[in-house]
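Me: Hey, can you walk me through this one? I'd like to start with the cysteines and then see what else comes up.

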Amino acid sequence: MVAVVFVHGTGVRADSYESTLGLLRKGLDRIDPGIRLHRCYWGGAHGVRPGMSSRTVPGYRGKEALLPEDEEIIRWGLLYADPLCELRELGAADSGDRAVRRVLGDRSGPELERRATVLAVELPEELAELAGAARADRLRLAASTVLDGIRGSADCRRAIARASSDGTCASMLAAAVVAQFLAEYQLAGEPLPWTAEERDRAVLLVGQALGADVRGAVKKLAGTTTMYVVNRLINRWRDQVTDGSAYQVGDILRYAVRGDGLRRFIADRVSEVSRTEGPVVLFAHSLGGIAAVDLLVDRALAGVSHLITAGSQASQLYGMNALPGLEFGQPLPPHFPRWTNLYDRHDPLSFLAGQLFPGRVSDVDVTSGQPFLAAHSAYFTNPAVHRILADAVGECA
């Protein structure tokens with residue numbers, strides 16, 4: 001007899017492991033109901049304990065109220081992601097009856113666009129001084145990019161065309177220019193060149209260059225629909241991020257520091273199964289694949305006839321010289337078993353291994369048709385994966 005032992009990845013706990021095991025069993029049964037599938041659930045004993053991360057999160061579960069300055073932080077988070085979001089929302093709102101309430105003959109819109117065009121060519125002295133010589137060109141380019149974006153958006157064009165002298169539209173345009181400027185640094189992975197106070201000063205200066213005193217207008221922006229929705233969600237956002245990532249990130253960090261226990265657990269489980277079942281096909285997903293590779297590098301396990309990893313980062317860590325059990329440049333030891341590495345082209349956590357271990361690993365594309373992120377858990381329902389596991393069992397029999 002030959003058995004399959006399934007080692008799960010990071011963030012998995014008992015209920016989800018049993019569910020995943022059931023999906024694998026169902027897929028293998030379609031091919032051969034006689035294939036023996038065994039557990040190797042380590043999350044409870046060698047994963048992070050539940051509830052620990054919440055003790056260190058300020059305001060966890062709404063224990064701290066939303067502060068006024070938090071609204072500005074939320075607002076700028078939206079603007080960094082989409083500098084035109086406020087103008088687009090204003091233009092969409094202005095598509096109704098609000099347009100008829102404009103003052104007859106108000107030329108604020110055309111004048112605002114004209115001033116923005118000038119800003120894209122030359123900065124006022126105080127604004128140029130704030131930007132500094134090294135960043136002035138980037139600020140002018142940001143103004144130009146925002147103008148191009150406005151011209152490409154019907155809602156933004158409507159917002160500018162119907163701008164009034166109350167300064168709201170000018171304030172939004174000023175914020176869009178500054179947000180575009182800072183977002184480019186963020187996208188490049190560079191630290192933002194301005195503090196929050198300098199950023200707000202830049203908005204004021206850009207607004208003045210656009211012909212409006214925006215100090216009073218900025219306060220009106222917190223009433224937009226987007227801000228209303230985000231304000232309601234902000235108290236829960238970090239809680240959800242903490243709860244959602246605590247196991248996933250925590251398990252990885254724990255393995256990096258204290259991985260011996262997990263490796264021993266897998267070794268003991270393999271030995272236990274092989275004593276009664278014979279050869280073992282070790283099927284390991286994600287972090288489980290890292291631990292399995294580390295284990296099989298460290299020692300020869302006679303029970304393992306074939307290692308199959310899926311969505312694993314073992315080769316990537318090796319290439320970064322961060323795989324605990326094998327220094328980059330060292331080959332897999334002679335005792336290392338046959339290794340098949342399954343990857344999905346749309347799984348951001350799957351990597352090729354064959355080029356780093358030539359002749360020792362077979363990379364197999366099992367792209368599932370699922371999109372980014374969802375592909376990382378699609379291996380368990382993928383008929384191609386079931387067939388590979390079944391073939392591995394047949395070859396070892």
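Reply: Sure. Keep in mind that this is a predicted model. On disulfides, the count comes to zero.

Me: How far is cysteine 156 from the nearest cysteine sulfur?

Reply: The nearest one belongs to cysteine 169, and that sulfur is 9.0 Å away. A disulfide needs the two sulfurs within 2.5 Å, so 9.0 Å is too far for a bond.

Me: Is cysteine 156 buried or exposed? And what about cysteine 169, buried or exposed?

Reply: Cysteine 156 is buried, at 0% relative accessibility. Cysteine 169 counts as buried too, at 2%.

Me: OK, new topic. How many aromatic pairs are there?

Reply: The count is 11 aromatic pairs. Take tyrosine 17 and tyrosine 41: their ring centres are 5.5 Å apart and the planes sit at 40 degrees, so this pair is tilted.

Me: Where do those two tyrosines lie?

Reply: Tyrosine 17 is in helix H1 (residues 14-31), while tyrosine 41 is in the loop between strand E2 (36-40) and helix H2 (43-46). The pair therefore ties together parts that are 24 residues apart in sequence. Tyrosine 17 is buried, with a relative accessible area of 0%, and tyrosine 41 is partly exposed at 24%.

Me: Got another pair for me?

Reply: Yes, tyrosine 318 and phenylalanine 357. Their ring centres are 4.5 Å apart with planes at 35 degrees, so that pair is tilted. Tyrosine 318 lies in helix H14 (residues 314-319), and phenylalanine 357 is in the loop between strand E5 (338-343) and strand E6 (361-365). Those parts are 39 residues apart in sequence. Both tyrosine 318 and phenylalanine 357 are buried.

Me: Back to tyrosine 17. Which residues form an aromatic cluster with Tyr17?

Reply: Phe6, Tyr41, Phe283 and Phe380 form one cluster with Tyr17.

Me: And what sits over the ring of tyrosine 185?

Reply: That's the charged end of arginine 138, 3.7 Å from the ring centre.

Me: Let's switch to pockets. How much space lies in the second largest pocket?

Reply: About 360 Å³. The second largest pocket has 20 lining residues, and Thr10, Gln248, Ser286, Leu349 and His376 lie nearest its centre.

Me: Which helix gives the most to that lining?

Reply: H1 does, with three residues. H1 and helix H11 (225-258) each supply at least two.

Me: And how does the lining split by class?

Reply: The second largest pocket has eight nonpolar and 12 polar residues in its lining, with no charged ones.

Conventions
Residues numbered from 1 in each chain as written. Predicted model: local features only at pLDDT ≥ 70, side-chain atom pairs only at ≥ 80, totals over all residues. Heavy atoms only, no water. Buried < 20%, exposed > 50% of the residue type's maximum accessible area, 1.4 Å probe, protein only. Phe/Tyr/Trp six-rings, centres within 6.5 Å; stacked < 30°, edge-to-face > 60°. Helix = DSSP H or I, 4+ residues; strand = E, 2+ residues; numbered from the N terminus. Lys NZ or Arg CZ within 6 Å of the ring centre and 35° of its normal. 1 Å grid on protein atoms, 1.4 Å probe; cavity = no way out; pocket = protein on both sides within 12 Å on 5 of 7 lines; lining within 4 Å. Points joined across faces, edges and corners; volume = space filled by probe spheres on them. Nonpolar A, V, L, I, M, F, W, Y, C, P; charged D, E, K, R; others polar.
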